[in-house]
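Please open the model in a viewer and keep the selection tool at hand. The tour below proceeds stop by stop.

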Amino acid sequence: MPNIAETIQKATKILLQNGIAEPRREANSLLAFALNKDKTFLIAHPEYDLTENEQKHFDEMMNRRANREPFQHITGKQEFYGLDFEVNSNVLIPRPETELIVEHAIQILVKIESPKFCEIGTGSGCISVSILHNVEKATAIGLDISEKAIEITNINSKKHYVSERLKLKQSDVFAVLTDEIFDLIVSNPPYIPNEDIPNLQNEVRDFEPINALTDGKDGLSIIENIVKNSPKFLCQKGFLLMEIGFGQAEKVEQMFSSDIWQSIKILPDLQGIPRMVKAQVK
């Protein structure tokens with residue numbers, strides 16, 4: 001069997017040939033995961049010979065990654081806001097830019113005595129679970145149209161001990177809500193225009209759930225639904241925080257009626273890209 005140094009060298013070449021952006025880093029990460037060791041072990045023991053089972057396990061993972069399956073689907077996890085989340089092909093992989101929603105949500109909710117919020121489209125649960133983990137007095141309702149996404153949210157809420165404060169319901173946007181009132185509504189809705197889907201990275205286009213990426217239209221219909229219907233479920237001076245797509249800021253800002261909303265802000269991410277809308281009802 002080849003040793004660690006030989007295995008990484010070969011894997012790096014394969015990943016490079018298949019268009020992986022950082023092939024050596026990913027080869028190291030995959031091998032560390034396959035061996036259940038940290039990366040320092042790989043550096044310290046380049047002469048270590050893989051066992052037959054370890055080689056077989058690593059080869060299976062490598063074939064999947066060379067086929068452009070996301071690294072996170074292979075390992076089954078992704079770090080977000082300092083927590084580990086289980087992920088699979090039924091939910092979006094949590095992205096660093098979405099942490100902006102969590103940061104602003106925490107700032108809002110810590111000032112309220114018994115805060116309650118609602119998330120539209122929980123996916124992996126990364127937003128709701130991260131907020132609840134950091135605001136221990138908060139409770140939430142999480143809504144998602146996908147039953148399989150709710151299952152993953154449930155797993156992650158139990159993993160981080162917030163499940164007793166998070167009620168999950170299958171729902172198309174606000175459909176199942178009746179008379180609930182929240183201090184905050186948060187969402188990372190499907191905002192990619194359908195015409196842009198073919199141009200996405202293979203990992204996103206071919207492996208992430210299409211209904212979590214796009215509304216099948218111009219990417220604005222679900223955003224508009226949320227803006228239109230949020231005031232029914234927000235308390236006086238309650239907030240809406242919502243991630244938006246590249247180039248959508250102006251159109252999204254126009255959806256907010258000044259009769260209903262105040263202090264509408266479009267906030268940039270770390271790259272300066274308009275990434276989130278923050279608005280408050282009057």
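The model is predicted. Begin by selecting strand E1, residues 77-80, together with strand E2; the two run antiparallel and are joined by 4 bridges. E1 and E2 form a hairpin, with 2 residues between them. In that turn, select Tyr81, whose phi is positive, at about 50°. Next, display Glu79, which stands opposite Asp84 in E2.

Now show the side chains along E2, residues 83-86. Which of them point to one face and are buried? They are Leu83 and Phe85, whereas Asp84 and Glu86 point to the other face and are not buried. Such alternation between the two faces of the sheet is what a regular strand shows.

Keep Phe85 selected and add Phe80. By the ring-centre criterion, the model contains 4 aromatic pairs. Phe80 and Phe85 form an edge-to-face aromatic pair, at 6.2 Å centre to centre and with 75° between the planes. Both Phe80 and Phe85 are buried.

Move next to Phe256 and Trp261. Why is this pair edge-to-face? The ring centres of Phe256 and Trp261 are 5.0 Å apart and their planes stand at 80°, so the pair is edge-to-face, given that planes over 60 degrees apart are classed in this way. Both Phe256 and Trp261 are buried.

For the final stop, select Lys37 and Phe41. Lys37 lies over the face of the Phe41 ring, at 4.8 Å from the ring centre.

Conventions: Residues are numbered from 1 along each chain as its sequence is written. This is a predicted model: local features need pLDDT of at least 70, side-chain atom pairs count only at pLDDT 80 or more; totals for chains, interfaces and linings use all residues. Side-chain values use heavy atoms; hydrogens and water are left out. Buried means under 20% relative accessible area, exposed over 50%, partly exposed in between (1.4 Å probe, protein chains only). Two strands pair if DSSP finds at least two bridges between them. Rings of Phe, Tyr and Trp (its six-membered ring) pair if their centres lie within 6.5 Å; planes under 30 degrees apart count as stacked, over 60 as edge-to-face and the rest as tilted. A charge sits over a ring if NZ of Lys or CZ of Arg is within 6 Å of the ring centre and within 35 degrees of the ring normal.
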